[in-house]
Amino acid sequence: DARRCVLDGELVIPVGGRLSFDDLLQRVHPAASRVRALVAAHPARYELFDLLADTRGTSLLGRPLSVRRAALEHFVREHIPPRGPIVLSRVTRSVATAGRWLAGGGKGDLDGVIAKRLECDYRAGERDGMVKVKRQRTADCVVGGFRYASRGKWVGSLLRGLYDDEGLLHHVGFTSSMAAADRDEITRRLERLKGPPGFTGRA
């Protein structure tokens with residue numbers, strides 16, 4: 001009976017070929033009608049990556065990952081319809097393949113890969129035996145604007161921008177990592193610099 005199984009996985013929302021964390025956050029909207037509209041526009045899927053108890057209800061927590069993964073793959077073949085909302089996570093033992101995934105050579109929807117030791121048992125809430133290798137992109141940005149904090153009259157965040165080949169300044173993100181003791185001085189300096197043109201390109 002598949003109802004006795006305990007599965008571990010992650011809820012994700014594919015949008016335009018990528019996984020959208022922003023769309024996932026919107027699912028906690030208080031209006032049920034809004035959530036229904038979001039579900040219709042971008043259905044979620046559940047990606048399975050571990051099996052903690054099998055169809056007999058037997059715990060697999062103490063078994064190594066290699067055994068749990070084989071059991072999970074068997075469970076998916078037997079009980080999960082193909083091309084449905086529940087899918088098996090990708091896995092590889094090849095460092096080169098994992099590198100291509102990180103570089104965008106796979107589906108292009110990853111923010112990183114999890115490296116796990118095959119001989120490790122399942123340890124809830126612990127990072128022992130696993131490492132998350134995150135995809136990173138860096139850019140040298142300019143400060144093109146700022147926002148005031150929701151409370152008070154000091155700067156809450158700096159708006160970052162990049163210039164394109166035509167000299168247009170595009171908004172690419174923000175940062176709010178400022179020491180509280182520095183915010184008064186930063187606010188005074190930025191208020192003196194306020195003026196056009198600011199951001200002239202697309203976000």
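**Exercise 1. Is Gly129 buried or exposed, and what is its relative accessible area?**

Solution. The model is a predicted one, and the classification rests on the cut-off that buried means under 20% relative accessible area. Gly129 has a relative accessible area of 19%, so it counts as buried. As for its setting, Gly129 is found in the loop between strand E6 and strand E7, the latter covering residues 130-134. Leaving aside neighbours within four places in sequence, the contacts of Gly129 are with Ala115, Lys116, Arg117 and Cys120. For Arg117, the C-alpha to C-alpha distance to Gly129 is 5.4 Å, although 12 residues separate the two in sequence.

**Exercise 2. Determine how the buried residues of helix H4 are arranged about its axis, and name the element against which they pack.**

Solution. Begin with the residues themselves: within H4, which runs over residues 95-102, the buried ones are Thr97, Ala98 and Trp101. Viewed down the helix axis, the buried residues of H4 fall within an arc of 100°, and they therefore line one face of the helix. The general geometry is helpful at this step, because an α-helix has 3.6 residues a turn, so that residues three or four places apart point the same way. Finally, the partner of the buried residues of H4 is strand E6, residues 112-116, against which they pack.

**Exercise 3. Describe the overall form of the chain, starting from its secondary structure and its radius of gyration.**

Solution. The secondary structure comes to 5 helices and 10 strands. The radius of gyration is 23 Å, whereas the globule rule gives 17 Å for 203 residues; the value is well over that of the rule, so the chain is more spread out than a compact globule. Along the principal axes, the C-alpha trace spans about 70 × 40 × 35 Å. Buried residues account for 25% of the 203 residues, and the accessible surface is about 14,300 Å², with 53% of it belonging to carbon and sulfur atoms. Turning to contacts between residues at least 6 apart in sequence, 51% of these join residues at least 24 apart. The charges complete the description: the chain has 35 positive and 24 negative ones, and their mean positions are 3 Å apart.

**Exercise 4. Compile the location and exposure of three arginines, Arg83, Arg90 and Arg135, and add a further geometric detail for each.**

Solution. Take the residues in sequence order.

- Arg83 lies in the loop between helix H3, residues 65-79, and strand E5. With a relative accessibility of 83%, Arg83 counts as exposed, and its phi is positive, at about 60°, although Arg83 is not a glycine.
- Arg90 is placed in the loop between strand E5, residues 86-88, and H4. Its relative accessible area of 31% makes Arg90 partly exposed, and the C-alpha atoms of Arg90 and Asp1, which are 89 residues apart along the chain, are separated by 25 Å.
- Arg135 belongs to the loop between E7 and strand E8, residues 142-148. Arg135 is partly exposed, with a relative accessible area of 22%, and its C-alpha atom is 26 Å from that of Leu51, 84 residues apart from it along the chain.

**Exercise 5. Which residues does a cis peptide bond join, and what is the omega value?**

Solution. The cis peptide bond joins Pro196 and Pro197, and omega is about 5°. To locate the bond, note that Pro197 is in the segment after helix H5, which covers residues 183-193.

Definitions and conventions
Residues numbered from 1 in each chain as written. Predicted model: local features only at pLDDT ≥ 70, side-chain atom pairs only at ≥ 80, totals over all residues. Heavy atoms only, no water. Helix = DSSP H or I, 4+ residues; strand = E, 2+ residues; numbered from the N terminus. Rg over C-alpha atoms; globule rule 2.2 N^0.38 Å. Buried < 20%, exposed > 50% of the residue type's maximum accessible area, 1.4 Å probe, protein only. Contact = heavy atoms within 4.5 Å. Areas by Shrake-Rupley, 256 points an atom, 1.4 Å probe, with all protein chains shown as cover. Lys, Arg positive; Asp, Glu negative; His and termini not counted. Charge placed at Lys NZ, Arg CZ, Asp CG, Glu CD. Arc of directions from axis to C-beta.
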